[in-house]
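Reader: Hello! I would love a close look at one part of this protein and how that part sits within the whole. Could you walk me through it in one go?

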Amino acid sequence: GWIRYIHYGGQFSLEIPSSWFDMDIEGGALEEMLDKAIHENPELRKQFSSPGFKSMLQKYVKFYAFDVTPLSAGESNPAVVYVIKMNMEDRVTVSELATSIYFEHSQEADPSQRVVKQPFNLASSKGMEVRSVQLYKNPDGTKNAILFDQFALVDGKAVYILSCQVSNNFA
């Protein structure tokens, strides 16, 4: 089954599989939630212990959830979905936002794979999807391919980015 998550302050909703763990980032108990997430999935310790990650969560991330199903052999990252909402001082177009995201993807993408940037419509809003396959080095020296897909929407001065990451077996 699926669980609907409604974020009234961020003005969005989405559904995640019922087996996933969603972090209550705005509930004020970030450290406790990170500890619980690491307990559910120890592979997250390195990422979740990073001061930069905690800072990003506190500042911009309005929703963060991941699959707690034990990882398959060769996988080093669980499937993840998160929503970033930023209020910009100046208006930005979805094209400008997507160009920035595309540049970031291009820096990290597997050189044998193409970075994809394509428009989409969501209700009355126009958005842009940017997708790439990124290679990450595991502690044992092997490489892990991650499909990284981001959907960007702009509503006035509010910017929303829905990010999805799936490890290895995404084909």
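Author: Happy to. Let us begin at Ser19, which is partly exposed, with a relative accessible area of 40%. That value falls between the 20% that marks the upper limit for buried and the 50% above which a residue counts as exposed, so Ser19 belongs to the middle class. Please keep in mind that this is a predicted model.

Where does Ser19 sit? Ser19 is found in the loop between strand 2 and strand 3, the latter covering residues 20–23. Leaving aside residues up to four places away in sequence, Ser19 touches Asp67 and Val68. Trp2 is 17 residues from Ser19 in sequence, and the two C-alpha atoms are 8.3 Å apart in space.

Now step into strand 3, where Phe21 lies. Is Phe21 buried or exposed? Phe21 is buried, because its relative accessible area is 10% and the cut-off for buried is under 20%. With residues up to four places away in sequence again left out, Phe21 touches Met33, Lys36, Ala37, Tyr64, Ala65, Phe66 and Val68. Val68 is thus a partner of Phe21 and also one of the residues that Ser19 touches. Thr69 is 48 residues from Phe21 along the chain, and their C-alpha atoms are separated by 9.8 Å.

Two of the residues that Phe21 touches, Tyr64 and Phe66, come up again in the largest nonpolar core. This core has 30 residues, and those with the most contacts inside it are Met23, Phe48, Leu57, Tyr64 and Phe66. There is also a second, separate core of 13 residues, which includes Phe12, Trp20, Val81 and Phe120.

Phe48 gives us a link to helix 1. Glu31 lies in this helix, which spans residues 30–40, and the C-alpha atoms of Glu31 and Phe48 are separated by 9.6 Å, with their positions 17 residues apart along the chain. Glu31 itself is partly exposed, with a relative accessible area of 45%.

Phe12, named in the second core, leads on to a pocket. The second largest pocket has a volume of about 440 Å³. Its lining consists of 17 residues, of which Phe12, Ser13, Leu122, Leu153 and Tyr160 are the closest to its centre. Strand 2 (12–17), strand 6 (116–122), strand 8 (143–155) and strand 9 (158–167) are the elements that give two or more residues to this lining. The largest share, four residues, comes from strand 8. By type, the lining of this pocket divides into twelve nonpolar residues, four polar and one charged.

Finally, let us place all this in the whole protein. There are four helices and nine strands, and along the sequence they follow the pattern β-β-β-α-α-α-β-β-α-β-β-β-β. Of the 171 residues, 42% count as buried, and Phe21 is one that meets the buried cut-off. Among contacts between residues at least 6 apart in sequence, 49% join residues at least 24 apart. The accessible surface comes to about 10,100 Å², and 51% of this belongs to carbon and sulfur atoms.

Note on methods:
Residues numbered from 1 in each chain as written. Predicted model: local features only at pLDDT ≥ 70, side-chain atom pairs only at ≥ 80, totals over all residues. Heavy atoms only, no water. 1 Å grid on protein atoms, 1.4 Å probe; cavity = no way out; pocket = protein on both sides within 12 Å on 5 of 7 lines; lining within 4 Å. Points joined across faces, edges and corners; volume = space filled by probe spheres on them. Nonpolar A, V, L, I, M, F, W, Y, C, P; charged D, E, K, R; others polar. Core = buried A, V, L, I, M, F, W, Y, C linked by side-chain atoms within 4.5 Å. Buried < 20%, exposed > 50% of the residue type's maximum accessible area, 1.4 Å probe, protein only. Contact = heavy atoms within 4.5 Å. Areas by Shrake-Rupley, 256 points an atom, 1.4 Å probe, with all protein chains shown as cover.
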